[in-house]
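Please examine the sequence and the model shown here. The paragraphs that follow lead through the structure step by step.

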Amino acid sequence: ITKMTATVTNQRTPKTIIRVPQRKIEALVGGALLNTVGKAAQKHILRKSNLIAKEVYLPKCGYTMYYHEREADIGDETNDQDVHNQQTIIFFHGITMRSEELAGFIVSLDIPPHIRILCPEQMGHGRDIDNRLRTDPDNYKMPTHQRMLESTSEFLDVVMCGNNTNAFGVSLGGAVCYYVQHHRPDIIQRAVLVSPAILSCVDRDLVNGVREGTNNFIGLESRQDAKFLMRDLSTGRDDDTRKKKDPVPKFFLETVYRENKKKNPEGHFKSLLLNLLEPTELPYASAKDVDTESHRLVIWPEKDRIINYEE
């Protein structure tokens, strides 16, 4: 009986036989679009943004920070006072993002050329992964809130940001922006925060799901995770009012899943998120607004499934 049961269990159904080549075809279609049209579009938008990849060493932190910058077009005559008063906007990216991925959004804003643009890449992202985590994983230390704040604050000084600086941050970048503005009011004058991932505002169900492994949106450990992520980024995975449950084609989901596995070390962003969810020190663990005096605009999408507006 045991032998017969094993035989039945190991049988491949027509559905499973078809699924494997189907997923390969979906990945080929999506990959071809991503690696041709997608990459060409990314290069085009990056050139159009005039953002240049740079790096700078932060002596106090002992850390090299990677960033993108669009230098201000202010003519030939400059002096120290001009540099100090230079109009600057800093963009802080979300979790899993790279600094160059902000290029499309920046282009859409049509920011005047005399304004300097900076996009610092946070620890645990982009070239920090490429140049540190991948080359020396045994000695890589996960970033903490304090470490990210200290490095970003020093970055502002080293690249000579003056007191004519405003900032924008989304998700994780919104939280970084929030704490940096609180820490450096001498530099950051005004800020726009979109769904800021301030610890006390992160949805409790999502936090529990990440810890228990029932919500893997951050790591995309399976194709199902990619599907739920796209639904959450649309109107929510439980929204039954949409004509189609999935807001993007299946071939795109397959490509997102495979590209994520290729680009990011397995489990890295989940470990990073869990590490950032654990702080007990102030101001990060505060349940109240620690910066009531700052000038800022906070934007929350109506159906945000990650950051809880009510909090």
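Phe91, Phe105 and Phe168 form one aromatic cluster. Rings of Phe, Tyr and Trp (its six-membered ring) are paired here if their centres lie within 6.5 Å, with planes under 30 degrees apart counted as stacked, over 60 as edge-to-face and the rest as tilted. The structure is a predicted model, in which local features need pLDDT of at least 70 and side-chain atom pairs count only at pLDDT 80 or more, whereas totals for chains, interfaces and linings use all residues. Residues are numbered from 1 along each chain as its sequence is written, and side-chain values use heavy atoms, with hydrogens and water left out.

The structure holds six aromatic pairs. In one of them, Phe91 and Phe105 meet edge-to-face, at 6.2 Å centre to centre and with 80° between the planes. This pair links distant parts of the chain, for Phe91 belongs to strand β3 and Phe105 to helix α4 (residues 103-109), 14 residues apart. Helices (H or I, at least four residues) and strands (E, at least two) are DSSP runs, numbered from the N terminus. Phe91 is buried, with a relative accessible area of 2%, while Phe105 counts as partly exposed at 33% relative accessibility. In these terms, buried means under 20% relative accessible area, exposed over 50%, and partly exposed in between (1.4 Å probe, protein chains only).

The rings of Phe91 and Phe168 have their centres 5.8 Å apart and their planes at 50°, so this pair is tilted. Because Phe91 lies in strand β3 and Phe168 in strand β5, the pair ties together parts that are 77 residues apart in sequence. Both Phe91 and Phe168 are buried.

The two strands that carry these residues are also joined directly. Strands β3 (residues 88-92) and β5 (residues 165-170) run parallel and are joined by five bridges; Phe92 has Gly169 in β5 as its bridge partner. Two strands pair if DSSP finds at least two bridges between them. Strands of a sheet pair through backbone hydrogen bonds, either parallel or antiparallel.

The wider setting is an open sheet of seven strands in the order β1-β2-β4-β3-β5-β6-β7, with mixed pairing. Its edge strands, β1 (52-58) and β7 (295-299), each pair on one side only. Neighbouring strands of this sheet are turned by 20° against each other on average, direction ignored. Axes are lines fitted to C-alpha atoms, for helices over the stretch in contact, and angles run from 0 to 180 degrees between N-to-C directions.

Helices lie against this sheet. Helix α5 (residues 126-133) lies across β1 and β2 (63-70), running at about 145° to β2. Helix α6 (residues 145-158) packs on the sheet and touches β1, β2, β3, β4 (116-120) and β6 (188-194), its direction making about 105° with that of β1. Contact means heavy atoms within 4.5 Å.

Helix α6 also takes part in lining the largest cavity: α6 and α7 (172-183) each supply at least two residues of that lining. The largest share, five residues, comes from α7. Among the lining residues are His145, Met148, Leu172, Val176 and Tyr284.

For the chain as a whole, there are eleven helices and seven strands. Of its 311 residues, 42% count as buried. Residues 24 or more positions apart account for 75% of the contacts with a separation of 6 or more.

Notes
1 Å grid on protein atoms, 1.4 Å probe; cavity = no way out; pocket = protein on both sides within 12 Å on 5 of 7 lines; lining within 4 Å.
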